[in-house]
Every structure is written in structure tokens, then in C-alpha cells.
Amino acid sequence: MTISVAVSGASGYAGGEVLRILANHPQVQVGAVTAHSQAGSRLGAIAPHLHKYADKVLVETTVENLSGHDVVFLALPHGASAQIAAQLPADTLVIDAGADHRLTSADAWAKFYGEGYAGHWPYGLPELPGHREALRVSKRIAVPGCYPTGAQLGLAPGYSAGLLEPQDVVIVAASGTSGAGKSLKPHLLGSETMGSMSPYGVGGSHRHTPEIEQGLSLVAGEPVQISFTPTLAPMPRGILTTATARVKPGVTEDQLRSAWQRAYANEPFVTLLPEGQWPGTGNVLGTNQVHLQLALDPHASRVIVSAAIDNLTKGTAGGAVQSMNIALGLEETTGLTMQGVAP
């Protein structure tokens, strides 16, 4: 079985990461690779690390260039995917790495993104209850945001088991600079980021806030309210999330650990580390893995969960390929078994 794939936004970090993973997928043949301003360029001149596809020439991101493939990955800026996706054939598997189809609430979309709500697609985070089953019968998939991936997987087992309070959830996450994309921005210059950390999107204004609340609320069966603060860390890639939530009266650390162990015992890409071992972003670099650890703070009656992911892999492209595998009936881990890089 050979799967024909087109990748839009192939000159950016997310699209390039999709191609890096697909290069090791035994059943994929990459057809069109598209871009906007870089159309006409040789891919090897923009992304020299993609040796397998170095001689491919980027073409314009049009419906015509993306059509005729079994699978289309849309790695486009927010607001750019919906119009193209609506014109692609219904039998094409379309996987959107942008935000256009993640939110179920048109009001939340309008508040955080503006006008042009495009509707909701099945959500490409298979480890959440019920999502894997939905992906198996879908031809349209919305890939989660990078921050929501770590935050939701970090806290979901506690809500699924009914151990956590739905209010007063605090999430702080540090991301590498690649999370902001490849466009030139003064605050992302090396001289600005090296040796310095800074918060942004403070005060509940970050666009991933409603997405995290949506996922946790679905798992909890009631509205979950969060306070989310992202920070920029002086590293190219990776996210370290620290999420805390109040535990319900009488909940013990053994109960918490058992809930997380049950939730992820058979998940190939989520590891609850042995007690006393805490996640680090360097340990999941370039992989589709999530490393988790938790502890109970009895003084504050809160659980503290730490989650490490590679924002470009499990946080974007790896999750997209994982979802593709499920939707096509392939082994879920195909093309995603890469180990970490150290040092």
C-alpha cells in the first residue's frame, strides 16, 4: 500500500517537520510540496536537512496542486486552511496543523481568533478518551496546538478519574522559539532570546486557552476553567509544561499515580516516569514521546504534573502523522519510532 501525500507550508517549521517524519514512513510517497513566498525554490536550499526531498521544487499552495493525493497536510497560518480544505475532495484525508478547525465554539473562535469560524473537525489527540475511535472513521482531522498537547495529556487522567476540581487550574509552560514559526520577528532574534526567558500572552489572552479548556472539560464532563501563561525559553524546540489543579477531598498520591498509570499503560507515546524522575525537554527531542511526572502537594492540596514534549513533533507534525496512521488503518506507530537525541 503506497500513500500519496501533499504537504502545504513545506518551507515552514511545521511543514518541514511533517516531511522529516514522512521521510521514514515506509508507505508514504510525497508528491506536491507547497509554499507561498518561497514557491519556485528548491526545498534543499531552504531545508537542507531534508536530504530525501532536497531536489523537490516548492509550488504554490493551491487546490489544484494539493488535489489528487490520498492525504493532504495543511501546515498554514491560522485562518488560511479553511478555504483550501473546503475545496478539496471529500474522499481526501485532510489533516490541518493550524487552528482553523480545533474549537467547537464559534464564540471562542471569535474571541481569540476573530471572524471566519470554519467549524470543528475530529481532534487529533488519540490519547484522550474517545478520540482514537473518532479518528478511525474521519477524513478531516484537526491537529492540536503544541501547548494544548502537553497540558491536556498532563491533566486528563485526573479529570477522567474524577479526582480533580474543575476550577483554579494553573498551567505555566515554557516553549522553544520554533513555536512562533519561521517568520522573522525582532523578539525572536538570537541576541534577544539567548540567556533570557520572558512571558507572553499573559492574563488569559493566549489563543490556546479555550482549546485546553475544551479538551479538559470534555474529559471531566463539566466545565474546567484554567489560567494559562506561556513563556519563551532560550532553546529552538521543546515545551515543558507545569500544570497544577486542586485535588478533591481525601485524594491521595497513590490514587493519583494509579489514575495516570491506568490512563497511559498501553499508550506507545506517553510515558509516566518512575517516581522521583522528572521530565526534561532534551530527552524527547525529535521524538513523538510525552514524558510525564506528578506529585501531590499536601500543603496546598494540589497535584503538580510536569510534561515534556517536542513542540514540533508530538506537538504538531508527529501528532499529525500519528492521526494519519489511525485514519488510514495503519499501525499507529508507523514512521514514529525514532528515539531521542543526546547530548
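**Exercise 1. Determine how far helix H11 is enclosed, and describe its course.**

Step 1. Count the buried residues: 15 of the 15 residues of H11 are buried, so the helix is largely enclosed by the rest of the structure. Buried means under 20% relative accessible area, exposed means over 50%, and partly exposed lies in between (1.4 Å probe, protein chains only). Helices (H or I, at least four residues) and strands (E, at least two) are DSSP runs, numbered from the N terminus.

The model is predicted: local features need pLDDT of at least 70, side-chain atom pairs count only at pLDDT 80 or more, and totals for chains, interfaces and linings use all residues. Residues are numbered from 1 along each chain as its sequence is written, and side-chain values use heavy atoms, with hydrogens and water left out.

Step 2. Check the span. H11 covers residues 313-327, and its end C-alpha atoms are only 18 Å apart, short of the 21 Å that a straight helix of 15 residues would reach at 1.5 Å a residue. The expected span is 1.5 Å times one less than the number of residues.

Step 3. Locate the bend. A kink of about 40° is centred on Gly-319; the bend at a residue is the angle between axes fitted to the seven residues ending there and the seven starting there.

Step 4. Follow the chain onward. Just after H11, Gly-329 takes a positive phi of about 75°. In the segment after H11 lies Pro-343, and the peptide bond from Ala-342 to Pro-343 is cis, with omega near 0°.

**Exercise 2. Find the order of the strands in the open sheet and its edge strands.**

Step 1. The order is S3-S2-S1-S4-S5-S6, with parallel pairing of the 6 strands. Two strands pair if DSSP finds at least two bridges between them.

Step 2. Strand S3 (59-60) and strand S6 (140-142) are the edges, as each pairs on one side only.

Step 3. Look at one pair. Strand S5 (residues 93-96) is joined to S6 by 3 bridges, and Asp-96 stands opposite Ala-142 in S6.

**Exercise 3. Place Leu-153 and describe the largest nonpolar core.**

Step 1. Leu-153 is in helix H7 (residues 146-160). Its relative accessibility is 0%, so Leu-153 counts as buried.

Step 2. List contacts, meaning heavy atoms within 4.5 Å. Leaving out residues up to four places away in sequence, Leu-153 touches ten residues' worth of surroundings including Trp-260, Tyr-264, Leu-292 and Lys-314. The C-alpha atoms of Leu-153 and Tyr-264 are separated by 9.5 Å, although their positions lie 111 residues apart along the chain.

Step 3. Turn to the core. A nonpolar core is a set of buried Ala, Val, Leu, Ile, Met, Phe, Trp, Tyr and Cys residues joined through side-chain atoms within 4.5 Å. The largest has 40 residues; Leu-155, Trp-260 and Leu-292 are among those that touch the most other members. H7 gives the most to this core, with 7 residues. A second, separate core of 34 residues includes Ile-21 and Leu-336.

**Exercise 4. Compare the settings of Arg-302, Ser-301 and Asp-168.**

Step 1. Arg-302 lies in strand S13 (residues 302-309) and is buried, with a relative accessible area of 12%.

Step 2. Ser-301, in the loop between strand S12 (290-297) and S13, counts as partly exposed at 34%. Its phi is near 55°, a positive value in a residue other than glycine.

Step 3. Asp-168, a residue that Arg-302 touches, is partly exposed at 36%. Phi of Asp-168 is near 65°.
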